[in-house]
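Here are a few exercises to work through with the model open beside you. Try each task before you read its solution.

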Amino acid sequence: MGQLESTISRSSAEAEYRGVANVVTEICWLRNLLLELHRPLSQATSLSTISSHQSLPCSQDQSEAEGCSGHQGPRPLCMKMKTQSTINGKHASSSSQDLEETINLDNAPASNVPVTENPRRKVQMESNDIDLSTLERDPGLRLQVYDYPVNQQDTVRRAYLSLGPLQPTISMFPKSGPKSHKRSFQASWYRLYPWIEYSKTLDAAFCFPCLIFNKPCGLGYHGQQAFTKDGFRNWKKVGGKKCVLLMHMGTECTSFHNVAQKAWDDLLKEAQDIRNVFEKFTTEEREKNRLRLRASIYSVRWCAFQAVAFRGHNEKPNSINRGNFLEMLEALGEFSSELKDLFCRAPKYASYTSPMIQKEILNLISNRVRRMISEEIGNKRYCLLVDEARDESHKEQMSVVLRFVNKEGYIIERFFGLVHVRDTMAQTLKDGICSLVSHYNLDVKSIRGQGYDGASNMRGQFKGLQALILEDCKYAYYVHCLAHRLQLALMAASQVVIALRKFFTQLTFIVNVVSASSKRTDQLRDAQVEHIAYLIFVDELETGRGLNQIGTLQRAGDTRWSSHLRSVSSLIKMFSPTCEVLLKVVEDGNDSSKGDADSAYEAMTTFEFIFVLHLVKEIMGITDLLCQALQRRDQDIFNALRLIASTKMLLQKLKDEGWDDLLCRVKSFCQLMELDHRFSDSSMELLRLASTLDPKNECETFRSADVCQLVEKFYPEDFSDQEKTILNMQLQHYDIDVVQHEDYKKLTSIADLCQWLVKTKRKTTFDLIYRVISLLLTLPASTATTERSFSAMNTVKTRIRNKMEDEFLNDSLVLFIEREVAEKISLEEIMEDFKAAKDRRVPL
């Protein structure tokens with residue numbers, strides 16, 4: 001022990017030159033050393049493990065994700081050491097007995113005490129349950145960082161720093177103060193003070209760095225609660241020589257704000273990490289580490305783009321198939337011996353191949369994609385498209401798509417995320433939507449349109465989702481998906497008309513009988529080959545590449561009306577081969593199959609069935625063009641209504657030209673009556689007023705009064721009183737400069753007009769009219785994009801991958817659907833996000 005005391009004295013003498021921080025480090029090291037000396041030999045670890053300053057034991061996944069490694073000793077508790085530091089140049093020594101007693105009381109194991117779970121380990125596991133994707137963005141509702149577990153506080157800080165300050169842009173902030181001179185928060189302060197945040201809940205301002213690095217007590221705590229806890233609302237003190245915001249920043253480097261800003265910079269500086277002080281890494285080692293990470297990021301992105309499983313059933317080195325992720329890394333290694341050698345020699349805590357690291361990289365990319373979409377929207381108005389469906393594991397998932405007009409004037413629909421909801425109640429859906437959009441700094445009050453299907457929980461006027469959204473944003477106009485309404489119209493018509501209902505029942509029965517077995521399918525293909533060869537022989541078919549292909553009968557689905565046209569068309573194309581197959585079944589099949597085949601053959605060879613078959617093809621051919629047009633992402637509601645009107649005219653023309661006898665027998669084609677009911681000409685006053693901006697109405701006189709009435713009645717919050725006056729003047733010039741322009745007559749839709757204004761730079765001259773057009777284009781025509789997201793969900797989450805976590809599924813879908821945006825993100829940007837997410841064991 002005498003040698004130990006001399007070691008402590010020598011350590012204290014050296015601390016006089018190093019400072020108090022190094023004293024603490026040396027004492028922690030000596031404390032671990034003493035603890036190891038008092039342990040039984042079987043439990044002692046090597047001195048090299050002690051000197052590496054490592055923490056609790058953890059698995060390979062945790063060591064990669066948390067920046068720790070291997071088997072490690074207990075974490076030192078420096079604050080419980082009964083030692084005295086050097087103060088004012090005076091040395092005060094502590095006895096080895098006191099030091100020994102303190103260590104024994106804190107951490108020394110006793111042989112007669114049973115081994116129990118380490119409480120610090122339990123706290124660490126609980127802190128890992130923090131979902132960083134659900135952090136509260138509103139500073140008025142945000143939990144203080146010091147309330148999180150200690151070992152997760154820096155991780156939470158990094159997550160908030162990556163998101164940045166919450167700076168919502170509202171057309172009119174709430175006013176407060178005396179009635180004679182009310183004041184409000186100003187959006188221009190974001191530019192003057194980039195650190196400022198605004199809470200819509202409290203109508204108060206906060207300081208972002210001070211709030212993130214706030215402490216429960218200490219220097220400056222009581223003087224800065226207005227910007228860290230309570231919120232600042234005294235707007236009259238902003239501006240002038242005694243501006244509160246400038247006083248909060250301070251002129252000295254020791255001010256509360258500047259200290260927090262310095263802590264922000266230090267947290268993001270890798271060189272400030274204590275591990276980098278003790279462990280020196282060369283530039284070559286850093287480059288090798290980045291190369292391993294770059295390869296892992298590329299493999300993760302490739303798996304997400306191709307919608308394939310990341311992991312394999314057996315990922316051991318001797319496995320034949322280790323999964324797509326590891327197999328891709330191995331394939332990359334075949335083209336680079338250096339990369340292959342790096343992964344073979346990589347330490348376990350920095351190989352970047354564990355499943356946890358894969359999910360972290362995927363989450364970083366998806367979060368960046370959402371931030372890019374949020375930045376693309378900016379302070380513009382947008383529309384909300386929502387639908388829900390069950391995934392492979394029978395979880396209710398809600399798809400959220402945002403529709404907006406970009407800076408080039410194009411209509412854009414972006415998949416923003418998938419939200420798992422416990423139920424389909426309207427309030428639950430609303431909470432999930434608001435949480436998602438507000439997390440990425442999008443204002444709910446900027447919603448100017450809603451597009452859902454016809455479910456009661458969606459379109460309910462009192463308790464539906466559209467009604468709840470209207471409570472927060474009364475100008476978010478609801479549009480029932482036009483494609484869904486068309487489907488309802490056609491299905492209702494087919495159910496009402498007895499002849500059509502009978503026809504579709506027989507059609508389904510015929511397809512089921514012919515496709516009942518693989519043997520009949522082969523017989524159908526052989527019959528097609530003979531039939532096509534005969535038609536080519538008699539010169540009734542043309543030959544060429546891609547022509548006369550062999551197919552099968554298509555089944556019609558209730559949810560996809562276009563499938564009815566494909567089913568009818570396939571039967572017309574293969575009518576003769578189908579009859580041959582049915583006759584063969586009647587001759588060679590068993591008793592039960594003979595009866596079904598005979599019934600199907602008799603049904604399809606009647607004149608009524610054949611006549612309705614061709615008639616349905618004509619009708620479905622007309623409506624299918626409308627159905628496909630409504631599902632386009634860039635479709636605007638004005639062009640959609642024009643297509644509906646032209647479809648009704650074509651059906652009316654078909655009715656009037658030679659089909660009277662047939663229409664009497666099948667109840668006069670109730671399809672047209674149903675279309676009139678679903679798509680009435682007087683659908684919305686908003687569309688009537690906005691129709692004057694449609695270039696297709698060039699034959700009519702431009703009505704500037706309708707545009708002014710449209711803004712006054714439907715979008716009053718998007719224009720100030722002064723802008724409404726200026727709008728009236730712009731409309732007069734717009735009538736001369738735009739409406740009478742030669743190129744204006746060539747435009748086919750209001751979407752083309754929006755793009756033309758941007759290309760000709762008239763957007764700047766008529767900025768208020770352009771704003772009106774952009775607001776109108778945010779109104780959706782259909783929710784087909786949300787339906788496509790569910791098709792993508794079925795591709796990603798298959799029966800084999802039915803245990804995917806919700807966050808993993810959401811991140812995978814964002815990259816798979818929005819691949820165009822994700823491909824713009826470079827590997828270097830992802831590596832920087834990975835480095836900034838948390839402390840890493842090996843620097844990057």
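Buried means under 20% relative accessible area, exposed means over 50%, and partly exposed is in between (1.4 Å probe, protein chains only). This is a predicted model, so local features need pLDDT of at least 70 and side-chain atom pairs count only at pLDDT 80 or more, while totals for chains, interfaces and linings use all residues. Residues are numbered from 1 along each chain as its sequence is written, and side-chain values use heavy atoms, with hydrogens and water left out.

**Exercise 1. Follow the strands.**
Find out which strands pair with β5, and in which sense.

Solution.
- Step 1: get the terms straight. Helices (H or I, at least four residues) and strands (E, at least two) are DSSP runs, numbered from the N terminus. Two strands pair if DSSP finds at least two bridges between them.
- Step 2: look at β6. Strands β5 and β6 run antiparallel and are joined by eight bridges, with Leu384 sitting opposite Leu402 in β6. The two make a hairpin with five residues between them, and His394 in that turn has a positive phi of about 65°.
- Step 3: look at β8. This time the strands run parallel, with four bridges joining β5 to β8. Leu385 stands opposite Gly451 in β8.
- Step 4: carry on to β9. Strand β8 (residues 447-452) pairs with β9 in the parallel sense over four bridges, and Gly451 is opposite Val479 there.
- Step 5: check the cover. Eight of the nine residues of β5 are buried, so this strand is largely enclosed by the rest of the structure. In β9 (residues 477-480), Tyr477 and Val479 point one way, Tyr478 and His480 point the other, and all are buried.

**Exercise 2. Hunt for salt bridges.**
How many salt bridges does the structure hold? Pick out some pairs and say where their partners lie.

Solution.
- Step 1: count. There are 32 salt bridges, each being a side-chain nitrogen of Lys or Arg within 4 Å of a carboxyl oxygen of Asp or Glu.
- Step 2: take Arg381 and Asp718, whose closest N and O atoms are 2.7 Å apart. Arg381 is in the loop between α17 and β5 and Asp718 in the loop between α32 and α33, so the pair ties together parts that are 337 residues apart in sequence. Both Arg381 and Asp718 are buried.
- Step 3: take Lys395 and Asp806, with 3.5 Å between the closest N and O atoms. Lys395 lies in the loop between β5 and β6 and Asp806 in helix α38, so this pair ties together parts that are 411 residues apart in sequence. Lys395 counts as partly exposed at 27% relative accessibility, and Asp806 is partly exposed at 25%.
- Step 4: take Glu712 and Lys724, which meet at 3.5 Å, N to O. Glu712 is in helix α32 and Lys724 in helix α33, twelve residues apart.

**Exercise 3. Buried or partly exposed?**
Sort Glu712 and Lys724 into the right class.

Solution.
- Step 1: Glu712 has a relative accessible area of 48%, so Glu712 is partly exposed.
- Step 2: Lys724 has 18%, so Lys724 is buried.

**Exercise 4. Spot a network.**
Which residues are linked in a network of salt bridges?

Solution.
- Step 1: look at the arginines, Arg290 and Arg294, which belong to the network.
- Step 2: add Glu828, Glu832 and Lys835, and the network is complete.
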